[in-house]
Each structure stands twice: as structure tokens, then as C-alpha cells.
Amino acid sequence: MIDKKDQIKERLGNVLVRSDLNVPILNNKVADKFRISKSIEIIEKIYEDSRTITFISHLGRPKKKDSNLSLRNITDTISELLRNENLTFIENIYGPDVNNLIKSKKSKIFLLENLRFYEGEINNDLEFSRKVTKPFDTYIFDAFGASHRSHASVVSFGNYIKSYQGPLMNRELEELNKILENKKSGYSVLLGGAKISDKLGLIENLLPKVENLLIGGGMCFTFLKALGYEIGNSLVDYSFIEKARSLLDSKYANKIILPEDFGVTKSIESKKRINVSIENFSKEHIGVDIGLETIKIFSKLLSSSKYIFWNGPMGIFEIDEFSTGTREITKIISESQAYTSVGGGDSVSAINLFSDIKKFNHISTGGGASLEYLEGKKLPGVNIYKSLII
Ligand code: AMP
């Protein structure tokens, strides 16, 4: 007879957790552990109620098996964060190896190989989904960063065993809903980064609700081009000029704050930077950062805001000479009294370089998924399972 304690321990049984452990890898080592540390917080929450806990995730975009993108590369980091708990890596994601190891009691925590080494994941193959979930009793979908993809682990694994939406997913949605539903005054959104394509939908959706929309980074040049300014050889996406122009002609135009001066260079390799106003931008210049006057203007608006959502660096912050704008703005946001929410991706790298993630109220693990959610899109992996209440 199983005593009461064992019964509780096995309520979830063998648990498969789909996390987003997709982190940058440099020389086979994890370059940023933010997503991993957030993802494994679930262990503490379900430990007592589970027999084993097995993580599954994708890493990068492999076309076939590739040792650089093996999840083995992140085992040291997980082990370091787990401290007193052993982690067993399984070089497979289904079949006898997986079944036997999970039953072996070799450890309580397991990590499977990269989901995207298998075509079945991307093709949303049902037989693949059945095979992967077979040794488990419970599936927890907790990978917000993958929830915008209709892949097998997102939309089909849950068909075969008892399934829940995990705690990190729930927290992400709660925070992103605050951004979507915010009606408070003093609401500022700051956008930067290179790609305008993945942020225009969000701009259209949030612009009516915000007080200020500040735009820096490479994407501001598409707006400045639409206004007829000389932007030299700066990044521009011609396919979005019309859209940018229509936003600048809309009734919300006065909410859009564009830079007035820039850090520019004649060649990125030279790393030489000068500050020019928009009027003095010449044909040879490349805009690589927001300028000193713009830093002051953005800082003033951000310091008086009550709620800030930020996504994307203000310049090519990976190069020291072009990082001033991103560094200063990161500091201003981290010191502000406002509720601060960050959309993930490169902004997290900037925070790690120039400030401290603890100084922000929420940092999304989502990246692309958070941008799509903020566009108002219904994501395939959101709210398809009931929430795990723990
Ligand atoms: P995204 O993924 O769209 O958020 O873009 C992030 C990237 O934007 C970073 O790698 C930055 O180096 C880059 N970036 C920011 N500002 C500029 C700029 N003015 N010109 C070119 N790239 C930029």
C-alpha cells in the first residue's frame, strides 16, 4: 500500500516541462543565463508533487543535428543554478533510452536533447508528439518564448497526457496584459533595435493607449526617411516607409518622439563617432546611436513617466563607442520610479551590461512572442491548457 506522503509526491508523476531554454551560446558556453534561471524556478514549485521533472526545449534554428546547438551545452549552467540537485542529460527525446533513464531513479531532474533536431517538432507531427510524451504522466507548457509558433511541443504534446499552462507563462501573460490594458497617464513606450518589421504591429496597437512613444535605434531612420530627412547610409526599411508615414500623419502623430541628434560614423569598422543634429546629417553618415541632446529629451520624458515599456537598444550597443545612448537610457529606466517592463531580447543583454535586472519590475523571457502578443495577436500556445495552480 502506498502511504499518504508518497501519494502526494506522485500527484504529477513523471512530468515533462516544455521550457524556453533558447539562450545565446558562445564557444559551447552559455552567454546569458537569464532564460535558464527563470525557467528552472518551476522545479521548486512542483518538486514535492513530482516523481521526476524532465525539461525539453529548442535551441537556435538547426537544420539537422549540430553539436553547437546541443542542449548538452547548457547542462553546466543548469547544474550550477541547481546547486544540490543532480541533472541527467539524455541525448535523445524519445525511445528506450528516455524511458529507461526516467525510470532508473538516476536523478530527479532530466534534460532532453534539442527539440528542433527533429522535423516532427516544426511540422507539428502527431505521431512524434505521441512518442515524446509517452513516458510521462503530466505535460507543463511553460515556454512563452515559443508560444507564437504552431510547433508540436506548443500545440500538440498536450493531446496525449494531462496538461497545464506553467507558472512562467502565467506570469508573462499577466505582465503583458498590464501593458495592453494600461489606462494610467504617464505611460511611455520606448522602442529601438534594428528591425522595424516586428514592431510596427505593436506600435499600431499601443499608440492609442500611450502618452509617449519614443523611437530610437536603427528603426527610427525609416520614420525620419518618411518625413523626408537626409539619413545618409543609415539602416532603413523601404517596405515600411508608407506605413511609417501614415502613423506620422495620424491623429496620434504628436505622441511619436523621434531623435533630434545622433551619434554617426562614416564607417562602422573605424568606430569613430561624432554627434550631429538631424539638419547636419550628411550623405556619408551612418546613424549608430541616438545623440546627446536626444538622450536628455528621452531621459526627461522617461523620468516623469509612471509606466515604461521598453524594447530594443538605442544604437549598436555591442560596440563601445556606439553604446552611449543605450547605456544612459538603461540607467535612466532602472533608476526611474515608474513601473518598468522590458520586452526581452537585446534589451536584456543591455541591462546585463549597463545595469542590473533586479532594478526592473518585469523582464520578459519572450522576445518575438512578447512583440506578437502586444500586437494583439492570438498566439497558438497561449491559454490552450488550464493553469497549473501551485
Ligand atoms: P532587434 O532585434 O530588432 O531588436 O535589433 C537589435 C539590434 O539592433 C542590435 O544588435 C543593435 O546593434 C542593432 N541596432 C541598434 N541601433 C542600430 C542602428 N542605428 N543601426 C544598426 N543597427 C542598430
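**View 1. Helix H14 on the sheet.** In this predicted model, helix H14 (residues 324–335) lies across strands S9, S15 and S16, at about 150 degrees to S15. Helices (H or I, at least four residues) and strands (E, at least two) are DSSP runs, numbered from the N terminus. Axes are lines fitted to C-alpha atoms, for helices over the stretch in contact, and angles run from 0 to 180 degrees between N-to-C directions. Residues are numbered from 1 along each chain as its sequence is written. Local features need pLDDT of at least 70, and side-chain atom pairs count only at pLDDT 80 or more, while totals for chains, interfaces and linings use all residues; side-chain values use heavy atoms, leaving out hydrogens and water.

**View 2. The sheet and its edges.** Here is an open sheet of six strands, in the order S11-S10-S9-S15-S16-S17, with parallel pairing. Two strands pair if DSSP finds at least two bridges between them. Strand S11 (256–257) and S17 stand at the edges with a single partner strand each, so one side of each has no neighbour in the sheet. Helix H13 packs on this sheet and touches S9 (187–191), S10 (212–215), S11 and S15, where contact means heavy atoms within 4.5 Å.

**View 3. Two right-handed crossovers.** Look for S15 (residues 307–311) and S16 (residues 339–342), which pair in the parallel sense over four bridges. Trp 310 stands opposite Val 342 in S16. Together, S15, H14 and S16 make a right-handed β-α-β unit: with the strands pointing away from the viewer, the path from the first strand over the helix to the second runs clockwise. Two bridges join S16 to the parallel strand S17 (residues 362–363), and Ile 363 in S17 is the bridge partner of Val 342. From S16, the chain crosses through helix H15 (residues 346–354) to S17, in a β-α-β crossover that is also right-handed.

**View 4. Helix H13 beside helix H14.** The axes of H13 (residues 292–303) and H14 come within 10 Å and cross at roughly 15 degrees. That makes the two helices roughly parallel, a label for angles under 35 degrees. Among the residues making the contact are Phe 298 and Leu 302 of H13, with Ile 329 and Ile 332 of H14. The contact residues divide into six nonpolar, four polar and one charged. Nonpolar covers Ala, Val, Leu, Ile, Met, Phe, Trp, Tyr, Cys and Pro; charged covers Asp, Glu, Lys and Arg; the others, Gly among them, are polar.

Conventions:
Parallel < 35°, antiparallel > 145°, perpendicular 65-115°, else oblique.
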